[in-house]
Structure formats: C-alpha cells, structure tokens
Amino acid sequence: MELDEATQLRVLESMVAHTQYTYAGDHTIEAIEVAVEESAPDTLVIAISDANLNRYDITLKDLKPLQSAKVHAHLIFIASLGDEAAALAKAVPNERAQCCMNTSDLPLIIKKIVTSALK
C-alpha cells in the first residue's frame, strides 16, 4: 500500500504529537514487548529509541522480543553515544535493529524495513 505525501505527513505529525505526552525515562523494552504481544499476526512493529543503552542497561537479551515469529518487529536507534547502538544493532539477528545517525536517513531505513516485511 502506497501512501501519498499528505498522508505520510499526517502520520509523521501524529507520531511527533504523541511524543509530547510520553514520560521521561526509557520504556523501549516494555513498548516492544506490549506491541509484539498485542499485535495481530504478521503486523509490522517499528520502535524508535534514543539509544541511551548503557544509561538504561539495555542489552541484547532485552531485545529478544524483536525476534518474534508472530510479527515483524524492528527497532531503530536514533543517534548514539559512541558506537554502543551500532554494536548492539549489529548483534540483533535478522537485521531487526538499525542505527540512524543522520535524520535524513530515517525514511530510507523505514522503507527498507517495510520492504523486508512485505517479502
């Protein structure tokens, strides 16, 4: 399903508006777990995290829900301190985690994820 630019813009604006009401602290793992558990089979789940991994003690073991066979779950790390996000993303099997160091790359990363989920 291809969305026109106006629809894409509305989706992104909705995502940005949602972030105004989120709590401080990292809830990445909990959000992925809930999304995976509550999603219908073959649903595409994309989580975006600020990649403060050491600060919140996020490890490869914590990202196990990304490997769910039920849904296509993916995580995008936005920026990173050092190379911690890149190292963790590389360790996640099946390219279920990506690192975005430049915001202009985000649309391409999402396109890659969506394309892979459609296969």
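A crossover counts as right-handed if, with the strands pointing away from the viewer, the path from the first strand over the helix to the second runs clockwise. That is the sense found here: β2, α3 and β3 form a right-handed β-α-β unit. Keep in mind that this is a predicted model.

**The sheet**

Let's start with the strands. Three of them make an open sheet in the order β1-β2-β3, and the pairing is parallel. β1 and β3 sit at the edges with a single partner strand each, so one side of each has no neighbour in the sheet. From one strand to the next, the twist averages 20°.

β2 is paired with β1 in the parallel sense over six bridges, and with β3, also in the parallel sense, over four bridges. If you want to find the register by eye, Ile46 has His74 in β2 as its bridge partner. Towards β3, Ile76 is bridged to Gln98, and Ile78 stands opposite Cys100.

β1 (44–49) shows a neat alternation. Val45, Ala47 and Ser49 point to one face and are buried, while Leu44, Ile46 and Ile48 point to the other face and are not buried.

**The two helices**

Which residues of α3 are buried? In this helix, which covers residues 84–91, they are Glu84, Ala85, Leu88 and Ala89. Looking down the axis of α3, these buried residues fall within an arc of 125°, so they line one face of the helix. Their cover includes β2 (72–78) and β3 (97–100).

Now for α4, which spans residues 106–118 and has 13 residues. From its first C-alpha to its last it reaches 19 Å, close to the 18 Å expected at 1.5 Å a residue. Its buried residues are Ile109, Ile113 and Ala117. Seen down the axis of α4, they fall within an arc of 70°, so they too line one face of their helix. That spacing fits a general rule: an α-helix has 3.6 residues a turn, so residues three or four places apart point the same way.

On the other side of α4, Pro107, Leu108, Lys111 and Leu118 are exposed. The buried residues of α4 pack against β1, β2 and β3. The direction of α4 makes about 165° with that of β2.

**Two histidines in β2**

Strand β2 holds His72 and His74. Are they buried or exposed? His74 has 4% relative accessibility, so it counts as buried, the cut-off being under 20%. His72, at 21%, counts as partly exposed because its value lies between 20% and 50%.

Their contacts, leaving out residues up to four places away in sequence, are listed here:

| Residue | Relative accessibility | Residues touched |
|---|---|---|
| His72 | 21% | Asp42, Thr43, Leu44, Val45, Arg96, Ala117 |
| His74 | 4% | Leu44, Val45, Ile46, Ala47, Leu66, Glu95, Arg96, Ile113, Ser116 |

Several of those names have come up already. His74 touches Ile113, one of the buried residues of α4. His72 touches Ala117, which is also among the buried residues of α4. On the β1 side, His74 reaches residues including Val45 and Ala47, both of which point to the buried face of β1.

How far apart are His72 and His27? They are 45 residues apart in sequence, and in space 19 Å apart, C-alpha to C-alpha.

Note on methods. Residues numbered from 1 in each chain as written. Predicted model: local features only at pLDDT ≥ 70, side-chain atom pairs only at ≥ 80, totals over all residues. Heavy atoms only, no water. Buried < 20%, exposed > 50% of the residue type's maximum accessible area, 1.4 Å probe, protein only. Arc of directions from axis to C-beta. Contact = heavy atoms within 4.5 Å. Expected span 1.5 Å × (residues − 1). Pairing = 2+ DSSP bridges. Axes fitted to C-alpha atoms, helices over the stretch in contact; angles between N-to-C directions.
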